[in-house]
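The following paragraphs lead through one structure, beginning at its ligand and then turning to a pair of strands and a group of aromatic rings. Please keep the sequence and the model in view while reading.

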Amino acid sequence: MFDAIVIGAGVIGCSIARELSRYDIKIGVLESEVDVATGSSGANSAIVHAGYDCQAGSMMARMNVWGNSLYDVVSKELDVPFKRIGSLVLAFDEEDMNEIQKLFEQGQKNGVPGLKILSAQEVLQMEPNINSNIIAALWAPSAGITCPYELTVAMAENAIQNGVEFFLGYGVENIKRDGNIFNIKTTQGEFKTKYIINCAGVFSDDINRMLGGEEFKIIPRRGEYCLYDRKLGDMVKRVIFQPPSSLGKGVLVTPTVDGNLLIGPNAVDIDTKEDTSTTSWGLNFVYTKALRTIPSLGRRDVIRVFSGIRAVADTGDFILGASDEIPGLFYAAGICSPGLSAAPAIGQYMAELVYKYAGNINAKFNFNPYRKGIPRFRELNWSEKEKLIKGDNRYGQIVCRCETVTEGQIIEAINRPLPALTIDAIKRRTRAGMGRCQGGFCTPKIMEILNRERGIPLDEITKGSGRSYIVSGRIKEGLRGDK
Ligand SMILES: Cc1cc2nc3c(=O)[nH]c(=O)nc-3n(C[C@H](O)[C@H](O)[C@H](O)COP(=O)(O)OP(=O)(O)OC[C@H]3O[C@@H](n4cnc5c(N)ncnc54)[C@H](O)[C@@H]3O)c2cc1C
C-alpha cells in the first residue's frame with residue numbers, strides 16, 4: 001500500500017516524485033515505457049525559457065519564471081548541465097517590432113529579470129552569423145539551455161536515493177476508488193494508494209477519465225527538429241527565436257548543452273498521441289524558417305532528425321491542482337512548453353499541495369538533495385582521465401568514438417539504481433550513439449556489454465520500448481530454418 005503514486009515518469013512526474021520524497025511517506029512511480037523521459041521530456045528544444053511569452057497571470061507564466069529561477073540550484077544538486085546563455089527574439093519589420101514590444105511588456109508583468117530591447121547593431125555584435133536584415137531584438141539574459149533527459153534521469157535517481165520506488169513498464173490500465181483508497185490496475189499487477197498524481201503527459205486526459213475526474217482534452221501537437229554536428233555548435237551563442245505565432249514559440253536556432261546546433265520545431269496538431277514521425281514537409285519548413293535567422297546555414301551537417309509531441313490542454317493553460325470531484329486525485333496535466341522550464345517549480349508546487357491535503361505527514365530528516373552523475377569522460381582534463389582509468393581500466397576503453405564514451409561509463413549506466421537496459425536508455429545517460437555516426441559503430445559493442453553485464457540475449461536487446469529488436473537471430477540459423 002502506497003501513500004502516493006505518481007503516474008508518468010517524464011520530467012514533471014520525476015520532479016514531483018523527487019519533491020515528495022522530502023516527506024516521510026511511501027511513494028511509487030508507474031511508467032508504461034521501459035525508461036524515464038521517453039515522452040515529451042525526451043524530445044524538445046531543451047530551453048529554460050525566461051517567461052516573457054506566457055500570458056500574464058497564467059499558471060504557465062508563474063511556473064515558468066519560478067522554475068527558471070530554481071535551475072542553478074537544482075542543476076548543481078543533481079549534477080546536470082545547465083547554461084544560462086540568454087535568448088534573443090529577432091524583429092525583421094515594424095510588425096515584429098510591435099510583437100517584441102508586447103513580449104517585453106508581458107515579460108515585465110511576469111517578473112522576468114533583465115529584459116531589454118537591443119538595436120540591430122548590438123545584436124549583430126553579439127551574434128555575427130545571424131541575418132543582418134534584423135532591425136532589433138528582445139534580449140532575455142535569464143534564458144538558458146539544459147539536457148531534458150539527463151535532468152529527468154537525475155530527478156528520478158535522486159528520488160530513488162530518497163526512497164521512491166519506480167515501476168518501469170507498468171502502464172496504468174484502469175483505476176477504481178474504494179472508500180479512501182485507489183486501486184490501480186497496470187499491465188504488470190495491481191497497486192493500492194491513498195493519493196494519485198496524474199502526470200501522464202498526452203494521456204493525462206485518459207487517466208482522469210478512468211476515474212471520472214474533471215474533464216479536459218489534451219491535443220497532441222507535434223514539433224520536428226534537425227540536429228547538427230558539433231562542428232556547427234558555435235554558429236550562435238544564444239537561443240535565437242523569431243516572433244511567436246498562435247501555435248507556439250516559432251522556429252528557434254540554438255546551441256545545445258553538448259555543443260551541437262539545433263533548429264526547430266514546427267507545430268502541427270495530429271490525431272494520434274504517439275506519432276513521432278518526421279515529414280519532409282515539416283523538416284523543410286523548419287529549415288526554411290531557420291534560414292531566415294542564419295542565411296548561411298546549410299543542410300549537409302544535419303546528423304539526426306526527430307520529433308516530440310506537446311500535450312496542449314484545451315483550457316489554454318497548465319492544469320495543476322487537486323481534484324474537486326475525486327478526493328485524493330491530483331493532476332499536472334497539459335504541460336506543454338514551457339513545461340521543462342517550469343518542472344522544478346511544478347514539483348515543489350504539487351508536493352506542497354499533497355502535503356497540505358494529507359495533513360499529518362512529516363518532513364524526512366535525512367533527505368539528500370544531491371545526486372552524482374556518471375563521469376563525462378570527454379569533458380575531463382588529462383589528469384582526471386588518468387585518475388579515473390587508474391581506478392577502473394574500463395574507463396580507458398573508448399566505445400563511442402564520436403562522443404568519446406568509455407566502457408566504464410556504459411557499465412555504470414547499466415548498473416545504477418535506475419538501470420539503463422536498452423540502447424536508447426544507455427544513450428540518454430552517456431551520449432553513446434549521439435554523435436555523427438549515430439551509433440553505427442558503437443551499437444554492436446554496447447549490445448555485447450549489455451549481454452555480458454545483464455545476461456540479456458543479443459536478440460532480446462531492444463532499441464527502446466516494445467519489440468524494437470536490433471537483431472533477430474543468426475543468419476546461419478535462419479538459413480537452416482532453425483528459427
Ligand atoms: C516539440 C517540443 C518542444 C518543447 N520545447 C520546450 C522547451 O524548449 N522548453 C520547455 O520548457 N518546454 C518545452 N517543451 C515542453 C516540455 O517538453 C514538456 O512540458 C515536458 O516534457 C512535459 O513533461 P511531462 O512529464 O508532463 O510529459 P512526458 O514527458 O510526456 O511524460 C509523461 C509520461 O507519462 C507516461 N504515461 C502515459 N500514459 C501512461 C499510463 N497509462 N501509465 C503509465 N505511464 C503513462 C508516458 O509514457 C510518459 O513517460 C517542448 C515540448 C515539445 C513536444
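In this predicted model, an oxygen atom of the ligand is placed 3.1 Å from an N or O atom in the side chain of Asn44, and this contact is a convenient point from which to enter the binding site. Backbone atoms take part as well: a polar backbone atom of Ser40 is 3.0 Å from an oxygen atom of the ligand, while a nitrogen atom of the ligand lies 3.2 Å from a backbone N or O atom of Ser32. Of the 1000 Å² of accessible area that the ligand has on its own, the protein covers 95%.

Which elements give two or more residues to the shell around the ligand? They are the helices α1 (11-20) and α8 (339-358), together with the strands β2 (27-31), β13 (218-228) and β18 (302-313). The ligand is surrounded by 40 residues, and the closest of them are Glu31, Ser41, Ile47, Ile335 and Ser341. Sorted by the character of its residues, the shell consists of 20 nonpolar, 17 polar and three charged residues.

Attention can now pass from the ligand to a hairpin. Strand β19, residues 319-322, and strand β20, residues 329-333, run antiparallel and are joined by four bridges; within this pairing, Ala322 stands opposite Phe330 of β20. Six residues lie between the two strands of the hairpin, and in this hairpin Gly328 adopts a positive phi near 95°.

The last subject is the aromatic rings, for which a search of the whole structure finds 12 pairs. One of these pairs is formed by Phe2 and Phe167, whose rings meet edge-to-face, with 6.0 Å from centre to centre and 90° between the planes. Because Phe2 belongs to strand β1 (residues 2-7) and Phe167 to strand β9 (residues 165-168), the pair ties together parts that are 165 residues apart in sequence. Phe2 and Phe167 are both buried.

Phe167 also forms an edge-to-face pair with Tyr170, in which the ring centres are 5.4 Å apart and the planes make an angle of 70°. Like Phe167, Tyr170 is buried. These two pairings belong to a wider arrangement, since ring pairs link Phe2, Phe167, Tyr170 and Phe191 into a cluster.

Note on methods: Residues numbered from 1 in each chain as written. Predicted model: local features only at pLDDT ≥ 70, side-chain atom pairs only at ≥ 80, totals over all residues. Heavy atoms only, no water. Near = heavy atom within 4 Å. Polar contact = N/O pair within 3.5 Å; in protein donor to acceptor, adjacent residues only side chain to side chain. Areas by Shrake-Rupley, 256 points an atom, 1.4 Å probe, with all protein chains shown as cover. Nonpolar A, V, L, I, M, F, W, Y, C, P; charged D, E, K, R; others polar. Pairing = 2+ DSSP bridges. Phe/Tyr/Trp six-rings, centres within 6.5 Å; stacked < 30°, edge-to-face > 60°. Buried < 20%, exposed > 50% of the residue type's maximum accessible area, 1.4 Å probe, protein only.
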